[in-house]
Amino acid sequence: MVAAKTTTVSTRLRRCMRAHDEYVVRVGSHRRLLATVTAHPGVARRWVHTTLWRHARRLRSGDGITVGMGVQWTPPFRAPAAAARRPCTRQLCGGHRCL
């Protein structure tokens with residue numbers, strides 16, 4: 001029987017601001033991600049523009065960047081009947097930055 005390999009994950013609050021929080025997420029001993037948590041569209045827009053700016057050289061060279069996206073929806077039985085079905089959580093990751 002082969003023993004399962006475990007990976008340590010830890011989070012630390014880096015910055016707490018009125019419109020958003022930033023966390024450092026460490027995966028194992030080598031990977032570090034910066035996660036931004038917000039409900040404000042302006043912070044999300046700035047995150048996208050900053051991520052594009054940080055990867056501009058790769059984008060211009062044609063290499064591109066890989067961006068992952070995830071969306072979580074409120075189940076219809078939990079939402080009020082008159083409410084529109086909107087996403088509850090949207091997640092984007094580009095490079096070592098996640099929103």
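Q: What makes the link between Cys-93 and Cys-98 a disulfide?
A: Let's start with the distance. In this predicted model, the sulfur atoms of Cys-93 and Cys-98 are 2.3 Å apart. A pair of cysteine sulfur atoms counts as a disulfide within 2.5 Å, so the pair Cys-93 and Cys-98 qualifies.

Q: How many disulfides does the protein have by this rule?
A: The count comes to one disulfide.

Q: Why is the disulfide of Cys-93 and Cys-98 called right-handed or left-handed?
A: Look at the torsion about the S-S bond. For Cys-93 and Cys-98 this torsion is about 115°, so the disulfide is right-handed.

Q: How do you know whether Cys-98 is buried or exposed?
A: Compare its value with the cut-off. Cys-98 has a relative accessible area of 13%. Buried means under 20%, so Cys-98 is buried.

Q: Why is Cys-93 called partly exposed?
A: The relative accessible area of Cys-93 is 31%. Partly exposed is the range between the buried limit of 20% and the exposed limit of 50%, so Cys-93 belongs there.

Q: And what about Cys-16: is this residue buried or exposed?
A: Cys-16 has a relative accessible area of 59%. Exposed means over 50%, so Cys-16 is exposed.

Q: What makes Leu-59 a partly exposed residue?
A: Leu-59 has 39% relative accessibility. That value falls between 20% and 50%, so Leu-59 counts as partly exposed. You can find Leu-59 in helix H2, which covers residues 56-61.

Q: Which residues form a nonpolar patch on the surface together with Leu-59?
A: Val-48 and Leu-52 join Leu-59 in this patch. Together the three have about 220 Å² of accessible area. A patch residue needs over 30% relative accessible area, and Leu-59 has 39%, so Leu-59 meets that condition.

Q: How do you know that strands S1 and S2 pair?
A: Count the bridges. Seven of them join S1 (residues 9-16) to S2 (residues 20-27). Pairing takes at least two bridges, so S1 and S2 pair. The two strands run antiparallel, and Val-9 stands opposite Val-27 in S2. S1 and S2 form a hairpin, with three residues between them.

Q: Where do helices and strands come along the sequence of the whole protein?
A: The pattern reads β-β-β-α-α-β-β-β. In total, the protein has two helices and six strands.

Q: How much of the protein counts as buried?
A: Of its 99 residues, 17% count as buried. The accessible surface of the protein is about 8300 Å², and carbon and sulfur atoms hold 55% of that surface.

How values were computed
Residues numbered from 1 in each chain as written. Predicted model: local features only at pLDDT ≥ 70, side-chain atom pairs only at ≥ 80, totals over all residues. Heavy atoms only, no water. Helix = DSSP H or I, 4+ residues; strand = E, 2+ residues; numbered from the N terminus. Buried < 20%, exposed > 50% of the residue type's maximum accessible area, 1.4 Å probe, protein only. Areas by Shrake-Rupley, 256 points an atom, 1.4 Å probe, with all protein chains shown as cover. Patch = residues over 30% accessible without salt bridge, like charges linked within 9 Å, V, L, I, M, F, W, Y side chains within 5 Å. Salt bridge = Lys/Arg side-chain N within 4 Å of Asp/Glu carboxyl O.
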